[in-house]
Amino acid sequence: MKRLVSHLSRNDNAVLRPGLPRPRIHAMDELRGFCVLCMIFYHAFYTMGFLFDLPLGRTLLYFFMPAEPFFAGLFILISGISSQLSHSNLIRGIKLLAVAAAITGFTLLLIPEEAIRFGILHLLSAGMILFGLVSPLLNKCNVWAGLLLTGALFVCTFQIGTLGFGVQGIFSVPMPPLPFSLQFLYPNRMIADQLYSADYFPLLPWIFLFLAGTFLGRFARDGLFPRFLYPSRVPPLSWLGKHALILYIVHQPVIFGLVYGVMFLLRALGLWQGTLPVLF
C-alpha cells in the first residue's frame, strides 16, 4: 500500500512540475473510447433499421438518437483538445482527410444511397488543417476569451439550418440558401436539393466546438488539468479511445457483414422474409 501511495504521489507531482515529460491524460482516452462505443451501437442500430429494414433497429435508433449530438460533440471537443498535444496538426489533418476521402469513395461505390459525403472524419480533418494553419495566431488569444467566443458561436450556429444564426426564443438572423456544392458548410433546409450524407457533420456549428477544444487544450498542454483526470480507471475504454480511428474505419463493414450474415442465415432457414441490401 505504501508503494502505491508513493507511486500516486510521484504521478501527481509530475503533473505540476515544469520541465518533466507531459503525463498522459487517461480520462481523455476513456471518454473518447466511450464515444466510440456509443458510435458503434448507434451505427449498428442504423444498419439494422434502415439497411435491413428491421423494426427493432429503428426503435433502438430513435430511442438512442437524442444522445447522438452529445457523444459526437464530446468526441469533437476531445479532438480539439488533443490538437494542442500534437506538433503536426497540418500533416495529421491532411492524412485524415485522405482517409475520409477514401471512405467517401468506398461508400459511393458500394452503397451510393448511404454514402458518407461529409462525415465526422471530414470535419475533424478540416479542423486539424485549420488549426495547423492558424494556431500561432489562436495561441496568442486569451484562453478565456477564446472559449467564450467559440462557445457562443457554437450555440448561435447550432440551429443554423432551420433557425438561422441565433438562439431559439432570444434572437435569430436568417441565413441565405447555399448552392448544392457548398452544403458541407452548414445544413441548408431552405432548398429541396440538399446534400445527403449518412454521417453528416457540417462545418457549422461543429468547427466552433473543435476550436473551443483547442483553447481548452492549453490547460492539457501545460499540465493543468485536474489531477483526477490523469490516472487510468477503465482500461478497456482507454484502449478503444487509443484506437478510435481504426475502429471508425472498420466497425461499419464489420457490423454490416455480421448483420448480413445473420439475416442471410435466418432467411435460408425460413425465419425471416425480408430482402437483403444489394451491393454495387
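1. Let's start with Pro 205, which sits in helix H8. The peptide bond leading into this proline from Leu 204 is cis, and its omega is near 15 degrees. Please keep in mind that this is a predicted model, so the cis bond, like everything below, is a computed feature of that model. Leu 204 and Pro 205 both reappear in the next point, among the H8 residues that touch helix H7.

2. How do H7 and H8 lie against each other? Helix H7 covers residues 143-157 and helix H8 covers residues 203-221; their axes are 8 Å apart and the packing angle is about 160 degrees. The two helices are therefore roughly antiparallel, and their crossing is left-handed. On the H7 side the contact is made by Val 143, Trp 144, Gly 146, Leu 147, Thr 150, Leu 153, Phe 154 and Thr 157. H8 contributes Leu 204, Pro 205, Trp 206, Phe 208, Leu 209, Leu 211, Ala 212, Phe 215, Leu 216, Arg 218 and Phe 219. Sorted by class, this contact has 15 nonpolar, 3 polar and 1 charged residues.

3. Here is the overall layout, for orientation. The chain has 10 helices and 2 strands. Read from the N terminus, the order of elements is α-α-α-α-α-α-α-β-β-α-α-α. Of its 280 residues, 42% count as buried. The exposed surface comes to about 15600 Å², with carbon and sulfur atoms supplying 73% of that area. If we take contacts between residues at least 6 apart in sequence, 69% of them join residues at least 24 apart.

4. Helix H2 is worth a look for its two partners described here, and H4 can go first. The axes of H2 and H4 come within 9 Å and cross at roughly 145 degrees, with a left-handed crossing. From H2, the residues in this contact are Met 28, Leu 31, Arg 32, Cys 35, Val 36, Cys 38, Met 39 and Tyr 42. From H4 they are Glu 68, Phe 71, Leu 74, Phe 75, Ile 78, Ile 81 and Ser 82. The class count for the H2 contact with H4 is 12 nonpolar, 1 polar and 2 charged residues.

5. Within that contact, Cys 38 of helix H2 makes a handy landmark. Is Cys 38 buried or exposed? Its relative accessibility is 10%, so Cys 38 counts as buried. Setting aside neighbours within four places in sequence, Cys 38 touches Phe 64 and Phe 71. Cys 38 and Phe 71 are 33 residues apart along the chain, and their C-alpha atoms are separated by 7.1 Å.

6. The other H2 partner is helix H9, residues 235-242. Here the axes come within 6 Å and cross at roughly 80 degrees, which makes H2 roughly perpendicular to H9. His 26, Asp 29, Glu 30, Arg 32, Gly 33, Phe 34, Val 36 and Leu 37 of H2 meet Pro 235, Leu 237, Ser 238, Leu 240, Gly 241 and Lys 242 of H9. By class, the H2 contact with H9 has 6 nonpolar, 4 polar and 4 charged residues.

7. Back in helix H4 (residues 68-83), have a look at Ser 79. Ser 79 is buried, at a relative accessible area of 8%. Beyond neighbours within four places in sequence, Ser 79 is in contact with Leu 124 and Phe 210. Ser 79 and Leu 209 are 130 residues apart along the chain, yet their C-alpha atoms are separated by 9.7 Å. Leu 209 is also one of the H8 residues that meet H7.

8. Two loop residues round off the note. Asp 53 lies in the loop between helix H2 (26-51) and helix H3 (55-64). Its phi is near 55 degrees, a positive value in a residue other than glycine. With 54% relative accessibility, Asp 53 counts as exposed. Gln 183, in turn, is in the loop between strand E2 (171-173) and H8. At 1% relative accessibility, Gln 183 counts as buried. Gln 183 and Phe 118 are 65 residues apart in sequence, and the distance from C-alpha to C-alpha is 9.3 Å.

Definitions and conventions: Residues are numbered from 1 along each chain as its sequence is written. This is a predicted model: local features need pLDDT of at least 70, side-chain atom pairs count only at pLDDT 80 or more; totals for chains, interfaces and linings use all residues. Side-chain values use heavy atoms; hydrogens and water are left out. Helices (H or I, at least four residues) and strands (E, at least two) are DSSP runs, numbered from the N terminus. Buried means under 20% relative accessible area, exposed over 50%, partly exposed in between (1.4 Å probe, protein chains only). Contact means heavy atoms within 4.5 Å. Accessible areas come from the Shrake-Rupley method with a 1.4 Å probe; for residues, only the protein chains shown count as cover. Axes are lines fitted to C-alpha atoms, for helices over the stretch in contact, and angles run from 0 to 180 degrees between N-to-C directions. Angles under 35 degrees count as roughly parallel, over 145 as roughly antiparallel, 65 to 115 as roughly perpendicular and the rest as oblique. A crossing is left-handed if the near helix is turned anticlockwise from the far one by less than a right angle, and right-handed if clockwise. Ala, Val, Leu, Ile, Met, Phe, Trp, Tyr, Cys and Pro count as nonpolar, Asp, Glu, Lys and Arg as charged, and the others, Gly among them, as polar.
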